Every structure is written in C-alpha cells, then in structure tokens.
Amino acid sequence: MSETENPENQSPDLLPDPRWKLLVFYLCFYGFMTQIRPGESFITPYLLGTEKNFTKEEVTNEITPVLSYSYMAVLVPIFLLTDYLRYKPVLVLQSLSHISIWLLLIFGTSILAMQFMEFFYGITMAARVAYSSYIFSLVTPSHYQRMASYSRFSVLMGVFTSSVLGQLCVTFGGTTFMTLNYLSLGFMCFGLILTLFLERPKRSLFFNRREPVCNGTTPSELDKMNAGKPPWYKAPSWQKLVFIRMLKELGTIVRLPQLRLWSLWWIFNSAGYYLILYYVQILWNEIYPTRDNRKVYNGGVEAASTLLGAITSFAAGYVKIRWTLWSELVICLVTAFQAGLLLLMNTTANIWLCYVAYIFFRGSYQFLVPIAIFQIAASLSKELCALVFGINTFLATVLKTIITIIITDKRGLALSVHPQFYVYFGYFTLLAVVYLAASVCVAVRHNSCRKPQEAATAKELCSPVNEVPSEEKNTELATSEA
C-alpha cells in the first residue's frame, strides 16, 4: 500500500472524512439538481415574446452585455471568498442568486430589472468555482481525478436533463415560457434547501490549511514554498504572503511552452466561445422568428450540444499524440473548423442547419477543454493549478468584456446580431492563422533540431566504443518520449 493510501502515514489534514463516499454522492446529487432549469434555454425568446415584449436591440445591446460586466466584476472576489469562506457560503450565495434570476424574469418588466437579472447571472457563473473545487476537500489526492470526473458528469447530465425536460414541456405539453420559469424557480428553491445541508469543510486550498507535514508524506506546493523558511510565515498574515509568493512562482512557470500555449488558447478561444453562447439565441430568433412556442427547439439543441460535448470531452482522453509537436496544429484545425461553422451559422437561412453548426461548434470546443486542462495541470500542484485556471479565466473575461463594450454595447458600435457574428468569424479566423504560423515555426524548429541529432547518432553508430546496448537505448527512448 502506498503512502498516499496508508492512513498511518498521512497528515490529519489529509485524512478523508469516514463518510466521504456519502458526501461525494450528495454533492453530485446537488450538482445535478441545481442544473435543472428548464426555462434557461428559452430566456431569449421569452424576453422577445409577447410576455415581456422587449425589442431585439434592447436585448442585444442593453440587457445581455451586463452579463459580461457582472462576471468580470465579481470573478476575482468570489474566487478568493470561495477559498477563504470554505465553499459553502458561496454555494448558498449562488443559490440565492439563481432564485433572484427567476424572480426577476417572472415579475420584472423593465430593462433595469432584466439588467439586474443578468448581474445575478454573472454571480452564479463566477460561483461555479465553489462547486468544482469543493470536492477536493472531501477526498485524498489519489481520488482527485476520478471524483472530479464524477462531479463534472453530474453537472453535464443535469444540463442535459434540464434541456430535454424544457423541450418536451414546450413541444409536446404546450407549456408557456412563463410556466417554465415558475418550474425553474421551484427547482432553484429546492437547490437552496440542498445547499443548506452541505457540510462546511475544515480546510481549503489557500487560506485554511494546517502546518506543513513532516512525516514523509508528499508536501503540497505551499509546503514546498515554505520549506526551510523562518517561522515568521506562521503569523496570521502568512496566507497572504504565500499567495503573493505563488503569484511570483507563476513568473517562472509561464515560461513552459505547453503551459503558455494552452493558457493562451484558454484565454482567447474561451472568450469567443462564451460570446457565441450569449448571443446565439438572438441569432436563432433572427433566422426563425416564430411566435409558436412549440416550434422553438432551443432546449433540444442545448441538450444535443451538451451530449456531444460530453462525448468529445470523454474521447479527448484517448487521443495519443506528441502534444509538444502537434498542439499548435491541432488547435489551428479546430479553430479553423469553428470559424467555418460561425460563417455557416451567420449566412444560412435554414434554422436546422444553424442548429447543427452550433452543436458542432460547442462539441469541438469541449474536445479541447480536457486536453488543455491536462496540459496545464500536468506539471502543477493543485494550488498552482487552481491559481493558473483562475488567472486564465479572469483574463478571458476581461477580453470578453472589452469585445462586448466595443461591438455590442449601445455606448460602443451597438452592432446587431448578424454583424456581430461576422466579427466573431473574423476573430476565430485570425486565431486560426496565428496558430497555423505557430505550428509552422514548431515544425521548422523540430526539423532543425533533428538534423544535428541524426548526424550525432550516425557518428555514434560508427564508433563501437560508444555503442549503447539496445536495452539502454530503449530506456532512453522511452524517457525522451515521456
């Protein structure tokens, strides 16, 4: 039995709760139930319909942009409060914000009310970090990967179930969008009750840790950074000092090529991806402006795209290539494919073709997400990994907000949805060209480095004194491939 599995060799801080399996199951059930919002897929047609009767310009240029502003404003405070308050209070805040969203959707009648709705929506999006990191406080490091997959799967299945339920209610039950919103409000109230029964963990990644362990177990990144330091770091303010030290540590880590490449992909591509998600329902309404709710298939499309995203995310784990050589080219091909899908979505008059293009757009993005997570996290501890993803997400949000201010907001260009999608098409095309240039540079550099190696290898083969036994060669080859 390894040290990480032997309770006698572990710090009390790392010992799992004896009820950890039950706690993980409850957390996954909570994650599933809080995603049951059947009215979410139909918010845009609801706002543009007779029940609210907002204009397309109001929804596009005044209401929806608030989501990006809100998300950027609350992301960093919630990221820090999540760890400092140990998850549960932020999850309660998320549930209260969800309830506020649906109360405003049901009873709000003004643009200001809908802007507040988007503000609370930004809070719920930023608070997702509390759910995704909560599970790490319940299990030992040897279970992180499997438990994280369980929690992510429960969320995806909740989104899928919610979308299917909403579509069935609208198409076959003749349910109004207002009724779906009441139904969503009921599920969100139930989610708040579930949140109250979550246990508040005793530890977290940054601000709630015990002293570094000295019993032979593997130290965390924080413990490594404080190894050999004088006892001043144990003062009440040591957490803040360590946090600053971790930021400085990122200065050296960012020089790693794969970490830098996939972090840039996360920043630039996810910014464009979420802008598409925010405005695609407006595009659908522009292409197919039906007043018959039974012919609005937003829920079915979201369900199909979620299912395809889950499948492609799972399949990405089995892709075996030399990522140090082919990462730029793979990103280039996927980004170029997404650019083509955006052009198709914006130029077609067939709503079903637009639906299919959107499904493949989301699926292609989800294919690269687990690869990016692995490439970024491969050489980092969980503390630094959380910090890197937090910084990447914040920078992506800043970029997304800048784009929103320039092209969408009424104080900027205030473009309608079709010109917006032309801008997004140009954005992804530019990214594809940059990735293509980077892949060419990597190929040229690889070839230039391989020729001297081949010459040296040929010289070694001609010298029997320097000949390396075959078994040692295989060992060296395996090491270099790894």
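**Core and helix crossings**

Of the 110 residues in the largest nonpolar core, Leu105, Trp262, Trp265, Met345, Phe421 and Tyr424 touch the most other members. Such a core is a set of buried Ala, Val, Leu, Ile, Met, Phe, Trp, Tyr and Cys residues joined through side-chain atoms within 4.5 Å. Buried means under 20% relative accessible area (1.4 Å probe, protein chains only).

This is a predicted model: local features need pLDDT of at least 70, side-chain atom pairs count only at pLDDT 80 or more, and totals for chains, interfaces and linings use all residues. Residues are numbered from 1 along each chain as its sequence is written, and side-chain values use heavy atoms, without hydrogens and water.

User: Which helix gives the largest share of this core?
Analyst: Helices are DSSP runs (H or I, at least four residues), numbered from the N terminus. The largest share is 16 residues. They come from helix α12 (residues 257-287).

User: How are α5 and α9 oriented to each other?
Analyst: Axes are lines fitted to C-alpha atoms over the stretch in contact, and angles run from 0 to 180 degrees between N-to-C directions. The axes of α5 (residues 88-107) and α9 (residues 177-196) cross at roughly 165°. Angles over 145 degrees count as roughly antiparallel. Therefore α5 and α9 are roughly antiparallel.

User: Is α4 oblique or roughly parallel to α6?
Analyst: The axes of α4 (residues 65-84) and α6 (residues 111-126) come within 8 Å and cross at roughly 40°. Under 35 degrees is roughly parallel, 65 to 115 is roughly perpendicular, and the rest, up to 145, is oblique. So α4 to α6 is oblique.

Conventions
Helices (H or I, at least four residues) and strands (E, at least two) are DSSP runs, numbered from the N terminus. Buried means under 20% relative accessible area, exposed over 50%, partly exposed in between (1.4 Å probe, protein chains only).
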